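Work through the exercises below with the sequence and the model at hand. Each task is followed by a stepwise solution.

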Amino acid sequence: MIRTPFRAAVHASCAAALLAIAAAPAARAQDQPIAVPRAESRDTWFADGQRAVRDARKLKPNVRKAKNVILFVGDGMGISTVTAARILEAQRRQTPASGEENQLSFETFPYVALSKTYQANQQTSDSAPTMTAMVTGVKTEEGVLSIDQSVVHNDHTSANAGNRLKTILEMCEEKGMSTGVVSTARITHATPAACYAHTPARDWESDKDVATFSPAAAAAGFPDIARQLVEFDVGDGLEVAFGGGRSKFLPSAAADPEDDGRTGERQDGRNLTTEWTDRFGEGSSFVFDRDGFDAIDPADATHVLGLFERSHMEYEADRAGDAGGEPSLTEMTEKAVRILQKNRKGFFLHVESGRIDHAHHAGNAYRALTDAIELANAVRKAAELTNPADTLIIVTADHSHVFTIAGYPTRGNPILGKVRGNLDGGVVNPNFDTDLLGLPYTTLGYQNGPGYTGASNAQAAGIKAFPHAPSSYTGIASGRPDLTAVDTKLPGFMQEAAVPLGSETHAGEDVAIYATGPSAHLFQGVVEQNVIFHVMADALRLKFGAGK
Amino acid sequence: MGRIFRTIAAAAAVAASACSPGPQAGQGTGGQGGMAARGRPAADVAADVAEPSGGAPAEAAGLAATAVGAPSRFTWPDRAAADVAFKWSVKRRVGGAAEPRCRWFWYMWRSERRVETLESHGNSGEAWIRDSSGAITGYERHFHVERKTIEYVPGDLAAVGTSADWTRLASVVDPSALGRGLVLSGRAEFGGEPVEVWSGESGGVALEVGWCPGRQLPVRITRTKGEESLEMELRDARQASGAPWSRPKSDRYERTDFADIGDRTTDPFFRRLIASGGVLGSICSH
Ligand SMILES: [Zn+2]
């Protein structure tokens, strides 16, 4: 796929390869609706409704003090993502089910509220202020981590002790609890970083980044996020940090331990992975691959740093292909809980599914939903390992994405497939539903992003081929691509987008909060996102001094 | 005629935009045209992929032998050279004029683990990287004016629906595509190396490729449609360390993971890229 001036004679396009596969007859058979897993009738619906009310009546608020708190964040996991993921999870089972009736693990939690995700200066937000709101109780500005809105983005001189916000993780460390952060993104990425770092720019992940984005901050020695993690001095430091982002911790002179020919990126010569083990001594470790991860014995481990990729970890859909092998979010969550559980004073753990967001930005629902399902697996595992009587588990998102579930597909229609509705008389349409151009369309789509099919200066209207690098679009002049023979359920398929943008965007509507355990009942109605902190603080009986 | 013509057809927009000044900061690379699927419904393209090789018109065959020739003093670098730099001239002609409407250079550096390209009048280049096992482990887009690199890991490439084949990357054209879409219409020599001339015509687009099997590289590609022709000729090939043109120092640029671009909304460069569809965009949209 080298870009010759011609773009000629160059390689089979991904689109062509995709379409060649899609044309196989088997793909068509897979587009059939999937059966409902039980016989349904007026009686079953009615009984289910009654049972739900009975169950709700039995709910008793858990007003005990929480010993442990686990905060799960699906980055970009809006409600449409949850709905689509629940359907896909069931449709992927060994015995596939229609899916609409399915519940992801956290959807069985008894308490749900809606979270308003706007921030101090953003209608639609990014992960930095949203996570700051969740872990400090205070909304702040775009791109800022755990400093209040008096700070100026990217200006280190505006960050000081006065506008620094203490995080729930820091408060737990002060109480002698154990703490951890787990993410499939870089562990220095905005969401996990808001728990332990304070910086006026989320992009200052390594010293090289600080120098790039703010030479003045670099000259002043403002600590980068990776350094803040390793030097974190509240309590006895974090016990667990699992994720990606290894290059932020390794010097540029050091060869990467997993990726042949690659190095770290730090310019200060510091190897923060060895500083971690030097600092914490016996019982501490740094691991970077599956073997190292498997070798961690939670019974002995005290402080564990696991960085499984140079940058973000793999999408769950691609994880099996990773060179060094890497643990799943579920496995990292289990290991983290087992390590942290040793502290009789309890623990705080934040777990982020960081790549739902990335896959949505890329316009690829397959990977976004696969990661959301894996988040549900991780939540299930955490719930199994803990006691709901003493552990508050919260599952939420930092913000949504412009991801939609459209049309009138019949029950059990493949959620990644094309819309096939019901005809008059209730029978399933043997053909796909079509738009006014006579063309089928997918159930899932994006309001904006790279899936736009209009003509650009580089490619004509319709299906685009990698690498498509337009500098302008001229708009849709002749309809949409014909998806009839395209298997839209394949991992590489990108859903269509209405507005052409190079990267699909976050969305501004509310996201859900699912909760179980002590104080979970305090999630009621529509709340500001920073209320999440205050519920956790209530559960832990945290007291706030003047410094807050 | 098969895929190769569809890909050439996709180059039309490229040829046009290639004459314009290099793209401005944040405007993407401009004119890095599309491939097989250009302007055609999905089912049609799918059929193309499976189409057996077609025949070329007789008149195309006769052109070849005289069209391929190395510049004077051209010499191929030692076959054992580990890192080779190539330079092609690119000319766009309109209306059969002897003087090209515009011309520029296109560079490629090819080594065991890396293939990198650069468009002389543009702002951008790219590189593909593989590891010692042969697995492709990275793809980079370079914005030389802004000194920024965007890195794609294999998962990013998969998310946007693509895979790459090293043979195709290192050879500029897919050698196996030649026989499927074109016919062998002549033989020539280029700097002492035998060259096969493949040609054909489809949908009003004539294509001719001078292919050097010994170096696994095209020495000349000509595409003609109506009044307009685009011609790419190998002008120089050197051991990289001795080439008078140097590889950009892209390893010193600010590096950004492709997956992060959607969240880089406070950076003006990326904000413009997102809005323009630029590099990240629609990597393989459907
Ligand atoms: Zn995002």
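**Exercise 1.** State the volume of the largest pocket and identify what lines it.

*Solution.*
Step 1. In this predicted model, the largest pocket has a volume of about 1100 Å³.
Step 2. Its lining is made up of 45 residues. Nearest the centre of this pocket lie Lys208(A) and Arg310(A) from chain A, with Glu151(B), Asp251(B) and Arg255(B) from chain B.
Step 3. Assign the lining to secondary structure. Helix H8 (207-213) of chain A supplies at least two residues, and so does each of four elements of chain B: strand E3 (114-119), strand E4 (124-130), strand E5 (136-143) and strand E12 (254-257).
Step 4. Sort the lining by class: 28 residues are charged, 12 are polar and five are nonpolar.

**Exercise 2.** Describe the second largest pocket by volume, central residues and residue classes.

*Solution.*
Step 1. The second largest pocket holds about 590 Å³ of space.
Step 2. It is lined by 17 residues, and those closest to its centre are Asp48(A), Arg51(A), Ala52(A), Asp55(A) and Gln103(A).
Step 3. Sorting the lining of the second largest pocket gives eight charged, seven nonpolar and two polar residues.

**Exercise 3.** Classify the packing of helix H13 against helix H15 in chain A, and list the residues in contact.

*Solution.*
Step 1. H13 (residues 329-340) and H15 (residues 365-385) of chain A pack at an angle of about 25 degrees, and their axes are 8 Å apart.
Step 2. Angles under 35 degrees count as roughly parallel, so H13(A) and H15(A) are roughly parallel to each other.
Step 3. The crossing of H13(A) past H15(A) is right-handed.
Step 4. H13(A) makes the contact through Leu329(A), Thr330(A), Thr333(A), Glu334(A), Val337(A) and Arg338(A). H15(A) contributes Glu374(A), Leu375(A), Asn377(A), Ala378(A), Lys381(A), Ala382(A) and Leu385(A).
Step 5. By class, the contact of H13(A) with H15(A) has six nonpolar, four charged and three polar residues.

**Exercise 4.** Do the same for helix H4 and H15 of chain A: are they roughly parallel or roughly perpendicular?

*Solution.*
Step 1. H4 (residues 79-91) of chain A packs with H15(A) at an angle of about 80 degrees, with 9 Å between their axes.
Step 2. The range 65 to 115 degrees counts as roughly perpendicular, therefore H4(A) and H15(A) are roughly perpendicular to each other.
Step 3. On H4(A) the contact residues are Thr81(A), Ala84(A), Ala85(A), Leu88(A) and Glu89(A). On H15(A) they are Leu369(A), Ala372(A), Ile373(A), Asn377(A) and Arg380(A).
Step 4. The contact of H4(A) with H15(A) divides into six nonpolar, two polar and two charged residues.

Methods
Residues numbered from 1 in each chain as written. Chains lettered and ligands numbered in written order. Predicted model: local features only at pLDDT ≥ 70, side-chain atom pairs only at ≥ 80, totals over all residues. Heavy atoms only, no water. Axes fitted to C-alpha atoms, helices over the stretch in contact; angles between N-to-C directions. Parallel < 35°, antiparallel > 145°, perpendicular 65-115°, else oblique. Left-handed = near helix turned anticlockwise from the far one by under 90°. Contact = heavy atoms within 4.5 Å. Nonpolar A, V, L, I, M, F, W, Y, C, P; charged D, E, K, R; others polar. 1 Å grid on protein atoms, 1.4 Å probe; cavity = no way out; pocket = protein on both sides within 12 Å on 5 of 7 lines; lining within 4 Å. Points joined across faces, edges and corners; volume = space filled by probe spheres on them.
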